[in-house]
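Visitor: I am new to this structure. Please pick one spot, look at it closely, and then lead me on from there.

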Amino acid sequence: MKISLKWLREYVDITLSPHELANRLTMAGTETEGIQFIGENWAGIVIGEITAINPHPNADRLKLVTIDLGSGQTTVVCGAPNIRIGSKVAFAPVGTQLIDGHSGKSLRLKSAKIRGVTSNGMACSEKELGISDNHEGIIILPDEAPISTPLADYLGDVIYDLAITANRPDCLSIIGIAREVAALTGQKLHPPDINYEEATSPIEQQISVEITAPELCSRYCASLITGIRVAESPWWLQQRLLKCGMRPINNIVDITNYVMLEHGQPLHAFDYDQIQGRGIIVRRAVADERITTLDGLERTLSSNMLVIADKERAAAIAGIMGGIDSEVTDGTTSILLEAANFNPASIHHTGSALHLPSEACIRFERGIRPELVPGALRKATKLIIELAGGKAAKGLVDVYPGRQEQEPILLPTDKIRSLLGVNLSTDQIVAALTPLGFTCKIETQPSGVWATTPYWRSDINQAVDLIEEVARIIGYDKIPTTLLGTTLPSQSPEPMVNLKQRIRCSLTGYGFQETVTYSLTGLEMLKKLLPENSLEPPSIRMANPMTAEQEYLRPNLRANLLTTLCSNRKHEDGGIRIFELGKVYLPRQKDLPDEPEVLCALLSGSRQGKSWHDGNSLVDFYDAKGTVEGLLHRLVTNPDFEKGSDASLHPNKQAAIVISGNKLGVVGELHPRVREAFDISEATYLFEVNVTALLPFTTGHKMFRPIPRFPAVVRDIALIVDSGVTHYSIQSNIEGFPLVAGVTVFDVYSGSQVPRGKKSLAYRITFQSPDHTLTDDEVNQVQQQIMDKLSRELGATLRS
Amino acid sequence: MISRLEQLKLDALRELDLITGAKELELWRVNCLGKKSELTNILRSLSSLAVEERKSVGAAANRVRAELENGLTQKKCALREIQLAAAAREEDVDVTLPGRPLLTGRLHPITETIYEVCEIFNSMGFQVTEGPDVEWNYYNFEALNIPDDHPARDVMSTSWVDIEADKDRGPMLLRTHTTSVTARVVESREPPIRVVEPGKVYRYEATDATHTPMFHQIDGLAIDKGITMADLKGTLYEFARRFFGEDRGVRFRCDYFPFVEPGVEMAIECLVCNGKGCRLCGNTGWIEILGAGMAHPQVLKRGDIDPETYSGFAFGMGIDRLPMLRYGIDDIRLFYSNDLRFLSQF
């Protein structure tokens, strides 16, 4: 909210500098988001009066204007259309810093001959002064503006942009902020003058008010002013509205806005002559009831919305916007002025349902107090009489079905100690609360303070609310700083948090860059993963998607990761290794989605980093599989790999990752179709592991195996087998034999050196005994048994 | 005889001194120390001498032999060194050429920041716990004193999930803050509690340099008997000191969050202007880092924790902001575009 310091000073004396004041408010909860100094750069600019206007000898459009500055007269060349003799203007002598009316840049005013006549300065426009963008004519000050006074003294101001927290609707007003300032700086609030002369005829005889929905309207007040003249507001009022960010419309509307800004209470003015039957009914709208609002739009209402109606129809949507039929127009002579209190939730729903946020709406939905109503209404009535003429009927209509007494709340002193960590006496508590408007009574058994909340506050409901008041008045910086001295809760780290960290660290060590992509994805992207028309839309859709690319919660990571690969490929021609470890979202019956943590990684391009060194080989299936093996060997025992069937992967170059019989992931080459869909030109390898499913297999306890004491015997054998025989079948056959401590494949060959349809695999077998040194005979015997078995089971022969 | 030995030694050592090659050295050894050398002959002939003379000449001859052998060893070493140096000159490398590159991967700066923040809180006894991204309205809002019509909802525009609402817990949404995990912890655990809750959060907002539909937060909660606002200040001050450095000014001011009372905002001195005021800090000299406060009695009661017995504090902060401030990153979208030219800088 924008607050003018000059306006604020009407209600409280301010001894602090503008920056100090901002800081005090900020520290106590009302954050100053910006300070604008109006007139900061107006050094030298003074108020003058036009005493003569003569034609320019060489230009029809320009005039020679004589300005009386009090200290003497000066003549300037001026082309503004709005000058007349007697006008008070802002005169800038040569050398003044001004904003250029055309370029908007800050310039120093130079002495210049304009069409042959020297101008000794200029009369400024609002734009040149930096007040607004208006450059149509020069600024015309009110007639009472004192000649020779520096403009900064007359028009200068400090505008605070304050962020009012949602719990303090009372601070959405000049008086509310003045109360804060008074409490924070030890000053007294100057109460507003709300007295005016009333006519003799009582208001009750001229208007009746009935509330049929008291749950939505706790109080409704009205005043009646007859014989008014709708016109433009006086200059000072327009200026204040403009500084606070509101556009002047006419004196009546401006006064309602002005009082709302000052008191925090929204008001609405009806053309009294348009109120049918001289009666106001505050009622729920009838379903599908229609009303044309001030903006000219016809709105359809529902029965949970509140309207202000006359005997025949809705005249306004309560607290939101008036109806066009009862609008104050230039011809209006009688005003029914409304100030009321409406239910915050109802206003919130109505405002958002009709997409009509407003300053009034913000105040009502945050729960301003009904006690604000009569004061604001009287102030507005007073201003209307003063600025628009007319007479106010005697009294106000005040229908108040929601009256509630404020009950005192007990604040025990030991509660302050246990929550703030400071000892405060009851006197100190009273000294903090009283300036805020609380009525305090000291309690001795137990020691504490009974505090009654001032009528304007809607946010104080229990002792902790009072504690915050005390804390912010004494200052948060007065609260000591200690480290937790309470019992350390038992430390049982979450295994998943730990596992994710281990996986991330391993993969970055293997040269993979971690990525983080959005959890939301689009159908188009997911479609690229599967053959055409085979994608079932994922089940978790957003009700209000921002864009088509963010319509679904991702059922996998690979779509986002492939997109990341593709976009990086545009500028990176070397090897790319990336991964993401994050959640995917899978639907469950009548519950939140399942959110398993999944690891997905991609490899493409060259195997080594770019360098002048030899070799620039490309990654292949076994790089991907090697990474999976390296990763899993640290986490679990014995991962197995079986032929896989993932539709996004190459049908013959993929494996399912199997742990203790459970398929927990895949590794393989991207299907050429998928590669094309993602616009990736080279072979790309992917692996994916369901980390949540992996977790239970990673928690096993490892046991130490002694290092062998007796020497190993190593034998190499080269086998010829049919092409279809897998390495795994050979290895597992060999591993079963006694004395075999290890078997590794060290060569795989198929080609001209072996018969067609065959391949050669060479193995190094390590024989070892835990209790003696092996003899050649022992080893020969086992090796022969191995060969016999391989030949019997797999048709293997020794390669000669 | 002794003088002859002395002469023989001097001659041999002078000769040795001039030797530059292995072959010459071998020749020298044969001449001076070999079976047919004069020295050997003298030693061999000792038996023919008288006892007294044998003693003195024998000792002298042995001394000479030891000296020559020592000289030979030294010469051998010296020649080996010369030979190695010559060979090494042939095997020169250009030390300025780049090494054979290892593949380097890095954690995403967001992950790295989460780990760093968690580490600081871990050391103060806070344990990492996580909760679901897709959440019930209840845990994200209701349990935290944010009913449907609360104005605090306006600043947390929500992405709703198109799945049937639960009759008790309301509609399904993407959590707008990790404070939802706090609501779950309060409900499911008994004091003493000290947890931090990092994770992804979501807002229904258009993307620009300071907004993305998904970003990261970390919330924290400490509940026990006797926890005060002084502990809140101390704990968060310690975090700020360790994350932003010893000398960085820290400020605690009053702020409002529905689930705490009193409410606190912690700010640090601007990292660009050090408190003087600049564009980054909106001329205030301070940068807001986190919101916090004493756990609201209503929130504790909903989790069956008696606010008359227990108290505690809660806090929440944006993660993305931290590396943005630290590295001077001016566009939050960079974190989620995953451009390797960006990610490889950290």
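Guide: Start in chain A, in the loop between strand S18 (279–284) and strand S19 (290–292), where Asp288(A) lies. Asp288(A) is not a glycine, yet its phi is positive, at about 65°. Keep in mind that this is a predicted model.

Now cross to chain B for two more backbone details. Pro191(B) and Pro192(B) are joined by a cis peptide bond. Omega there is about 0°. Pro192(B) sits in a loop of chain B, with helix H7 (179–188) on one side and strand S4 (193–202) on the other. Another cis peptide bond links Glu261(B) to Pro262(B), and its omega is about -5°. Pro262(B) is not in a loop: its place is in strand S7 of chain B, residues 260–269.

How do the two chains meet? Contact involves 97 residues of chain B and 95 residues of chain A. Between them, chain B and chain A bury about 7,800 Å². Carbon and sulfur atoms carry 57% of that area. Area is a common way to describe such a surface: interface size is often given as the accessible area lost when the parts come together.

Charges meet across this interface too. Six salt bridges are found between chain B and chain A. One of them can be followed by name: Arg253(B) pairs with Glu31(A). Their closest N and O atoms are 3.8 Å apart, inside the 4 Å limit for a salt bridge. Polar contacts add to the picture, with 38 residue pairs counted between chain B and chain A, both partners at pLDDT 80 or more. Look next at the side of chain B that touches chain A. Helix H8 of chain B, residues 229–244, gives the largest share of that side, with eight residues. By class, this side of chain B holds 44 nonpolar, 25 polar and 28 charged residues.

Next come the enclosed spaces. The whole structure has five cavities of 30 Å³ or more. The largest cavity holds about 120 Å³ of space. Its lining has 18 residues. Nearest its centre lie Ala28(A), Gly29(A), Thr165(A), Asn167(A) and Arg168(A). The element that gives the most to this lining is helix H13 of chain A, residues 463–474, with three residues. The lining of the largest cavity divides into six nonpolar, four polar and eight charged residues.

The second largest cavity has a volume of about 70 Å³. Both chains appear in its lining of 13 residues: Leu520(A), Met546(A), Gln550(A), Ser159(B) and Tyr204(B) lie nearest the centre. Eight of the lining residues are nonpolar, three are polar and two are charged.

Finish at an open space, the second largest pocket. Its volume is about 1,200 Å³. It is lined by 32 residues. Tyr622(A), Lys625(A), Phe641(A), His727(A) and Tyr728(A) are the ones nearest its centre. Several elements of chain A give two or more residues each to this lining, among them helix H17 (621–633), strand S35 (640–643) and helix H20 (727–735). Strands S36 (649–659), S40 (740–749) and S41 (758–767) of chain A belong to that list as well. Which element gives the largest share of the lining of this pocket? H17(A) does, with six residues. By class, the pocket lining is mixed: eleven nonpolar, twelve polar and nine charged residues.

Definitions and conventions: Residues numbered from 1 in each chain as written. Chains lettered and ligands numbered in written order. Predicted model: local features only at pLDDT ≥ 70, side-chain atom pairs only at ≥ 80, totals over all residues. Heavy atoms only, no water. Contact = heavy atoms within 4.5 Å. Buried area = accessible area lost by both parts, 1.4 Å probe. Salt bridge = Lys/Arg side-chain N within 4 Å of Asp/Glu carboxyl O. Polar contact = N/O pair within 3.5 Å; in protein donor to acceptor, adjacent residues only side chain to side chain. Helix = DSSP H or I, 4+ residues; strand = E, 2+ residues; numbered from the N terminus. Nonpolar A, V, L, I, M, F, W, Y, C, P; charged D, E, K, R; others polar. 1 Å grid on protein atoms, 1.4 Å probe; cavity = no way out; pocket = protein on both sides within 12 Å on 5 of 7 lines; lining within 4 Å. Points joined across faces, edges and corners; volume = space filled by probe spheres on them.
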